[in-house]
Amino acid sequence: MEGRLQDIYFEKFGKKPEMHVFSPGRANIIGEHTDYNDGFVLPFAIEQGITFLASTNQSFEIRLYAADVNESCIFDLNALSDRHDYGWTKYIYQAIMAMGHHHLQGMDVVFGGNLPIGAGVSSSSALICGFLTVLSRVSDVNMSQEALVEMAVTAERGQGLRGGIMDQFSIFHGMQGKAILLDCKDYSSVMIDMLQGDYTFYLFNTNVKHNLVKSDYNTRRDECDQAVDILNKSYKPIQSLRDLTVTDIEPIQSLLPSLLWSRASFVIEENDRVHQAVKAMQSNDAVQLGALLYASHEGLSKKYEVSCSELDWLVEMTLDYDQILGARMMGGGFGGCTINLVDGVLSTTFCKEIDQKFTAQFGHHPDIFSVYPSDGIFQKLIKI
Ligand code: GLA
């Protein structure tokens with residue numbers, strides 16, 4: 001992959017790049033829609049991602065070439081305009097704006113990779129995080145790791161999605177062989193070893209593209225905020241749903257409209273499941289971890305209502321296969337992938353069978369691929 005990009009770089013800019021940065025996608029074992037509720041998540045950076053090659057160009061222009069889609073774009077740092085509002089360029093524009101007050105240098109960039117877009121593996125965050133890393137290094141911006149992560153969150157929110165910090169944190173801080181138990185209230189984290197033995201996580205991509213900005217994602221955030229407001233007045237002082245535990249679920253039922261209770265109780269239970277999942281991983285109990293994934297999906301589908309028929313179908317069909325210990329939708333929802341805990345490796349026959357059944361049901365093919373916890377941007381930079 002990098003060899004191909006190196007050749008393209010030389011073709012486009014007539015020189016060799018001075019630096020390369022790899023920005024991975026992310027998977028999430030459990031803890032969905034909890035990050036913006038100050039809760040807990042258990043994600044990891046994956047091997048698939050976007051490679052950036054870059055060097056300074058002694059000008060005030062950022063020239064980019066997106067190799068996978070064969071598109072170019074130039075940003076004039078002296079005359080930035082917000083006309084960059086399509087596809088990948090809008091994320092780059094937001095990233096430059098987020099970096100705004102620093103002295104930025106022009107650069108020539110080629111990027112490309114193997115991260116499916118709109119599949120719930122954070123392709124947009126990988127783009128923003130990788131680009132910000134390259135830009136800060138080329139421009140010699142001295143910034144803490146925390147500031148870089150937060151800047152990436154700000155850039156992404158510029159698109160209208162009021163997302164949490166999970167994606168950007170795992171893309172930057174991922175570590176080979178580990179999942180990250182992240183507390184989204186104070187951003188403290190603990191690295192958790194993956195299950196020992198032949199267990200593999202697979203993603204089944206519905207190939208139903210989700211646009212979270214246009215979906216109900218922000219509505220879910222509003223509903224959680226409304227529940228917090230009501231409970232603050234009628235129950236006890238809380239800052240977020242994270243301040244409640246499973247013992248609060250019953251007493252708050254009569255205080256909230258039933259829709260808000262469904263949303264709130266899902267978030268409270270999901271936070272609890274993250275801690276149970278960590279215990280299961282620490283005691284190498286794959287069966288228990290699998291059961292937690294199923295429970296998470298049930299909540300996401302019925303109580304939080306962010307699933308769709310393709311995701312539900314992909315989770316339900318796994319019940320017929322003993323090799324799959326657990327499955328759930330992953331990421332923002334409304335399309336994208338399921339994550340599956342598999343005992344061993346899925347055979348070609350299995351994948352063909354799922355492909356045929358899914359295609360018969362929905363009229364298009366799913367994609368099936370395995371994911372492994374890999375180094376994030378910071379870890380990779382240390383190892384260069
Ligand atoms: C999207 C957001 C994340 C998180 C997930 C749901 O991926 O970017 O911050 O909220 O949805 O868990």
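User: What makes histidine 33 a polar contact of the ligand?

Analyst: A polar backbone atom of histidine 33 is 2.7 Å from an oxygen atom of the ligand. A polar contact is a pair of N or O atoms within 3.5 Å, so this pair counts as one. The model is predicted: local features need pLDDT of at least 70, side-chain atom pairs count only at pLDDT 80 or more, and totals for chains, interfaces and linings use all residues. Residues are numbered from 1 along each chain as its sequence is written, and side-chain values use heavy atoms, with hydrogens and water left out.

User: Which distances make aspartate 35 and arginine 26 polar contacts of the ligand?

Analyst: For aspartate 35, a polar side-chain atom lies 2.6 Å from a ligand oxygen. For arginine 26, an N or O atom of the side chain is 3.1 Å from a ligand oxygen.

User: Why is the set with Ile29, Leu42 and Phe131 called a nonpolar core?

Analyst: A nonpolar core is a set of buried Ala, Val, Leu, Ile, Met, Phe, Trp, Tyr and Cys residues joined through side-chain atoms within 4.5 Å; buried means under 20% relative accessible area, with a 1.4 Å probe and protein chains only. The largest such core has 85 residues, and Ile29, Leu42 and Phe131 touch the most other members.

User: How do you know where this core lies with respect to domain 1 and domain 2?

Analyst: Domain 1 (2–193 + 375–383) and domain 2 (199–371), with bounds from an automatic or database domain assignment, both give residues to the core, so it lies between them. Apart from it lies another core of 26 residues, among them Tyr217 and Leu241.

Notes:
Buried < 20%, exposed > 50% of the residue type's maximum accessible area, 1.4 Å probe, protein only. Polar contact = N/O pair within 3.5 Å; in protein donor to acceptor, adjacent residues only side chain to side chain.
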